[in-house]
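Here are some short exercises to work through with the model open beside you. Try each task on your own, then follow the steps.

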Amino acid sequence: MKIETLIAANAELAFEIEEKAKRAAELVVANKELAFQIEEKEKRAAELVVAIKELAYQNQEKEKRAAELVVANRELAFQNEEKAKRAAELLLANKELAYQNQEKEKRAIELLRANKELESFTYISSHDLQEPLRKIQIFSGRILTQEMDKLSENGKHYFERIQYSALHMQNLIIDLLAYSRTSVSERKFKKINLETLVKEVLVDVQEELQEKNAIIDMSGLNEEHVNIIPFQFRQLMRNLISNSLKFSKSHTAPHVIIKSRIIKFTENNVNNIPPNREYCQISFSDNGIGIDSQYKDRIFEIFQQLHAKDAYSGTGMGLTIAKKIVENHNGVIVASGELGQGTTFDVYIPNDQDFNPLP
């Protein structure tokens, strides 16, 4: 009985040992599973930490974008406000432009009317004003020739003064007409050879040249062609040559040198001529009485004469007309010289333009 009991106990013990071994094996597996799960949980925890950091970063970026959006909205609102201001300013500018255009049209009508009045004045000056002068000259001349023996010396002197004054007034009217035509006449430009033009002028003033025994030298003119108004430019050259002949030294034959060249000015030049373009420079130099440098601008003003009328005849408009002609060509005329050392007039005409002149 005891043996059987012992056998049974051993069997039970073996079974329990086997079961314990199984439980131990299961426990080993469970521990491995637990270790794996703990490792996975640690990974998930690390991933969660990274995800939390990423979420915090994204939230921070969203806050930045939100702040930038606020700034952008403000900027957009400011730009819309500025656009509204510009639109209002543009509306005002368009109204101002429309007003200016209306004013220009009015001025154009007034200018047209003024030109017609000037044409009427020109006609009156050409005919009605000069006719009484001619009669004064004719009748005073007849008195001097036919009634000479009946006049006292004072009477003869007075009639001579009448003739001189009438001639002076006639010349003044002629110069005024020339000035008015220079201002309003049609301006048709043409490429002209300078030497040809000067030779034509010299033929016109041949008697004056012979009377004064004048010498005219030309240099470089045959090389230059300029875009000019031919009849006005002839008047310009005639006036400058006549000016040199008029203001020549007594007992000295006038010597006039006319030359030309192409020149380009820099930003800063003595005569303030617009820079960075080519000019045809035409120089008229003489050996006459010269000018005081302080009067180099005044001589171009209308009716200005630096010398007594008894010493040099004229109306004081020759150089004024010359300046007007140069301005009609978008050019510049400059005088220089010294007393007793002659005078030089430099004319600068733009050489690099195919232009319609300014109105």
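## Exercise 1: Salt bridges along a helix

R86 is partly exposed, with a relative accessible area of 40% (buried means under 20% relative accessible area, exposed over 50%, partly exposed in between, with a 1.4 Å probe and protein chains only). Before going on, note that this is a predicted model, in which local features need pLDDT of at least 70 and side-chain atom pairs count only at pLDDT 80 or more, while totals for chains, interfaces and linings use all residues. Residues are numbered from 1 along each chain as its sequence is written, and side-chain values use heavy atoms, with hydrogens and water left out.

Task: find which residue forms a salt bridge with R86.

Step 1. Apply the rule: a side-chain nitrogen of Lys or Arg within 4 Å of a carboxyl oxygen of Asp or Glu.

Step 2. The partner is E89, with the closest N and O atoms 2.8 Å apart.

Step 3. Place the pair: R86 and E89 both belong to helix α1, three residues apart, about one turn of the helix. Helices (H or I, at least four residues) and strands (E, at least two) are DSSP runs, numbered from the N terminus.

Step 4. E89 counts as partly exposed because its relative accessibility is 42%.

Step 5. Look for a network: salt bridges with shared partners join E19, K22, R23 and E26. Within it, E19 and K22 meet at 3.7 Å, N to O. The rule gives 19 salt bridges as its count.

## Exercise 2: The nonpolar core

Task: work out which element gives the largest share of the largest nonpolar core.

Step 1. Define the core: a set of buried Ala, Val, Leu, Ile, Met, Phe, Trp, Tyr and Cys residues joined through side-chain atoms within 4.5 Å.

Step 2. The largest such core has 37 residues, and F233, L240, I258, F284, F345 and V347 have the most contacts inside it.

Step 3. Elements that give two or more residues include α3 (194-204), α5 (230-246), β5 (278-285) and β7 (343-350). The largest share, six residues, is from α5.

Step 4. Zoom in on F284: leaving out residues up to four places away in sequence, F284 touches residues including M237, L240, I258, F345 and V347 (contact means heavy atoms within 4.5 Å).

Step 5. A separate core of six residues includes I263, I273, V334 and Y348.

## Exercise 3: One face of a helix

Task: decide how the buried residues of α3 are arranged around its axis.

Step 1. List them: L194, L197, V198, V201 and L202 are buried in α3.

Step 2. Seen down the axis, these fall within an arc of 140°, so they line one face of the helix. The arc is that of the directions from the helix axis to the C-beta atoms.

Step 3. Check the N-terminal end: N193 caps α3, with a side-chain oxygen 3.1 Å from the backbone nitrogen of E195.

## Exercise 4: Positive phi

Task: is N213, a residue with phi near 55°, buried or exposed?

Step 1. N213 sits in the loop between α4 (206-212) and β2 (215-219).

Step 2. N213 counts as exposed because its relative accessibility is 55%.

Step 3. Compare N330, also with a positive phi, near 60°. N330 lies in the loop between α6 and β6, and is partly exposed at 27%.

Terms used:
Polar contact = N/O pair within 3.5 Å; in protein donor to acceptor, adjacent residues only side chain to side chain.
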